[in-house]
Structure formats: C-alpha cells, structure tokens
Amino acid sequence: MGKSKKQKSNCSTHTPYQKPSKPQDHKNKNKSKPKPRRPQQNHTNPTIPFDPSDRILLVGEGDFSFTYSLYTHHQCHALVATCLDSAATLSEKYPQSTAYVQALQDAACEDETVHIKILYGVDATKLGKGGLGSGGKDVRKGGFDRVVFNFPHVGGLTKDVNRQVRYNQGVDVLIPLSTLLVNFFQAAVPLLAPEGCIVVTIFEGEPYSLWNVRDLARHVDLKVERSFKFQAEAYPGYRHARTLGNIEGGGGWKGEERDARTYVFRKKDGEKTQGHARSQKNRSSETSDSEEDD
C-alpha cells in the first residue's frame, strides 16, 4: 500500500500574531534550558503478505469482512474463502456477513476474471481430505500460493487458560491427535503450490503466546520464514469476528485494536510441497527462523 500524500496547506501567508517576549533575565542569560525532544513517531508501512496474482485459501473466516477487503482493496481475485459454520448459523452469529458474502458472489458472477468461492462447513483440520468438512474439490485440488488462518481459536470450550492452550495446540489429553493448529498445518501443507506458504495471525500476549506456534510448526517440518505486526487498518472494512458471534450492543472488546502478529510458514529446506522441491535459488533472500520484522 502506498503512502498517503500530504495535503498542501491553504493557510494565508501573512505573519501570525505573536505574543511579546518576556523580559530577559540577565542573571540567567547563559543558562538556556534544553528544548524537550519530541517523541519519534513510527511510520512503518504495514506488511501485506499477499499479491493480486496469488491464489488464496482462507479458513476459519468469521463474517468474511477480511475476504472482502482482500478483494476490494488488495485486488486479490482468486479466493476460496471458508468457514466452519453453516450458512444459517453464520448469518445468525454475524448478520453483517450476508452483505459481504452476497457482494463477493456477485463479483464472481459479473466479472469472468474474478474467481471467488464461498464454502460453508469446512473444518480447518480436514482440508482436502475428502468427506464432510473437507471443502470438496475447490479445496482438494490445491495449488494455493497462500493458505490463511486468521486468529485460530476453538472458542469457549473452557475458561481454564492451560486447558485452552492445549485445545488450541491440538495436544489435549482428551483429544490427543485432533484440533487445531497441528492438524491444520498437516492438512494445509499438501495444498500448497511449490512456492506457497501458510499465513497464521494470532494475538500477542497470554494465553496466545503460550501456544508456541513456532514449535508446533517445526513438528510438521515447517519453519517461520518471517513474522511481523498485523495491522488491521491495512485491510479497510475488516472487523474481527469473535468465535461465538457478535456481542449484543457491540461490547467494548474490539479484536482489530489488539496487538497481533502474523507468521509466514514455509517448508524446511529439502522438503517438498505438493510433490515439488522448493527452488533453492531464492533461499538467500529468506529470513532466518529467529528473525522478525516490525
């Protein structure tokens, strides 16, 4: 995204009124007070891990406002956007989703260069495996440049922080090999194009930092290519959707205003994605597993 241009001032050129200066204190004329420094502002541009030419699979979408922003503001026209809920449940939890979905579907019908699919009832841990919840042929054929999971969370299974961590890691003693992050990684890797990557965004701080997403990714031979601050304002119109649905009256909690970080995962050196080895000539341009960008 480009930097916005500063508007030129239309102020007139006459000299503004100035207050008379105070009489000098000759006793202290050589003791000038240091001027306080103004705090430096951070004007870093947001990192957008998507290109208009990318073929993108989004899983775990809430009200589809993120998908809509990718299409309208980032010109991404090859999107397969999925959610776990049925169409009826989705519209009940997020009434605003109806307008986003309709706009996306209309765009795909009206413009032959736009390829957008909206899929309901898709389980992030069963992608492309066949059967209920796998996403069908639109997911199974793979070849995605990006597989995206924003703010993964099982939502309300327990209020115990330690138990929540283990549920979201997918290693809870009650469900040893199911849900969420580990099985998502395992399901997503075969769907990647040869140079494709997995993009996961989570909130910073506890309990999210306890998930140890880097270590979980290593278990399935993925590495963090880079990570960076997620800036919601880079996706105009996007609003964070809570797993359990909208809060009546809006509530005071706004996820898009919380600190969050995006992680970009790729297969480790020598591994294959979708039957192809990654090209080694671009490896020198990748950051190490421990490097982070702000």
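Where is the place of His73 in this structure? His73 has its place in helix α1. Hello everyone, let me start there and walk you through the rest. Please keep in mind that we are looking at a predicted model.

So, helix α1. This helix covers residues 65-74, and it is mostly covered, with 7 of its 10 residues buried. The buried ones are Ser65, Phe66, Thr67, Ser69, Leu70, Tyr71 and His74. What do these buried residues pack against? Their partners are the strands β1 (55-59), β2 (78-82), β3 (115-119) and β4 (144-150), together with helix α3 (97-110).

Now back to His73. Is His73 buried or partly exposed? His73 counts as partly exposed, because its relative accessibility is 41%, and the cut-off for buried is under 20%. If you look for Ala234, you will find its C-alpha atom 9.0 Å from that of His73, although the two residues are 161 places apart along the chain. Just after the helix comes Gln75, with a positive phi near 55°.

Next stop, Ser134. You can find Ser134 in the loop between β3 and α4 (136-140). How does a residue in that loop fare for accessibility? Ser134 has a relative accessible area of 2%, so it counts as buried. The side chain of Ser134 reaches the backbone nitrogen of Gly130 at a distance of 3.4 Å. Setting aside neighbours within four places in sequence, Ser134 also touches Val122, Lys126, Leu127, Gly128, Lys129 and Val139.

Let's move on to the aromatic rings. How many aromatic pairs does a search of the whole structure find? The search gives 12. One of them is Phe149 with Phe184: the ring centres are 5.0 Å apart and the planes meet at 70°, so this pair is edge-to-face. Phe149 sits in strand β4 and Phe184 in helix α6 (residues 181-188), so the pair ties together parts that are 35 residues apart in sequence. Both Phe149 and Phe184 are buried.

Another edge-to-face pair is Phe151 with Phe230, at 5.6 Å centre to centre and 85° between the planes. This pair links distant parts of the chain, 79 residues apart: Phe151 is in the loop between β4 and α5 (161-169), while Phe230 is in the loop between β6 (222-229) and β7 (260-267). Phe151 counts as buried because its relative accessibility is 13%, and Phe230 is buried too, at 8%.

Those two rings also have company. Phe151 and Phe230 belong to one aromatic cluster, along with Phe50, Phe66, Phe203, Tyr235 and Tyr238. You may recall Phe66 from the buried residues of α1. While we are on rings, have a look at Phe144 as well: Arg55 lies over its face, at 4.2 Å from the ring centre.

Before I finish, a word on confidence. The protein has a mean pLDDT of 75, and 62% of its residues reach 70 or more. Over residues 1-23 the pLDDT stays under 50, and the model has 3 contacts beyond four places in sequence for that stretch. Residues 25-43 also stay under 50, and there the model has 0 such contacts. Where pLDDT is low, the predicted coordinates should not be read in detail.

That's my tour, and thank you for listening!

How values were computed:
Residues are numbered from 1 along each chain as its sequence is written. This is a predicted model: local features need pLDDT of at least 70, side-chain atom pairs count only at pLDDT 80 or more; totals for chains, interfaces and linings use all residues. Side-chain values use heavy atoms; hydrogens and water are left out. Buried means under 20% relative accessible area, exposed over 50%, partly exposed in between (1.4 Å probe, protein chains only). Helices (H or I, at least four residues) and strands (E, at least two) are DSSP runs, numbered from the N terminus. Contact means heavy atoms within 4.5 Å. A polar contact is a pair of N or O atoms within 3.5 Å; within protein, one must be able to donate a hydrogen and the other to accept it, and residues adjacent in sequence count only if both atoms are side-chain atoms. Rings of Phe, Tyr and Trp (its six-membered ring) pair if their centres lie within 6.5 Å; planes under 30 degrees apart count as stacked, over 60 as edge-to-face and the rest as tilted. A charge sits over a ring if NZ of Lys or CZ of Arg is within 6 Å of the ring centre and within 35 degrees of the ring normal. pLDDT is the predictor's confidence in each residue, from 0 to 100.
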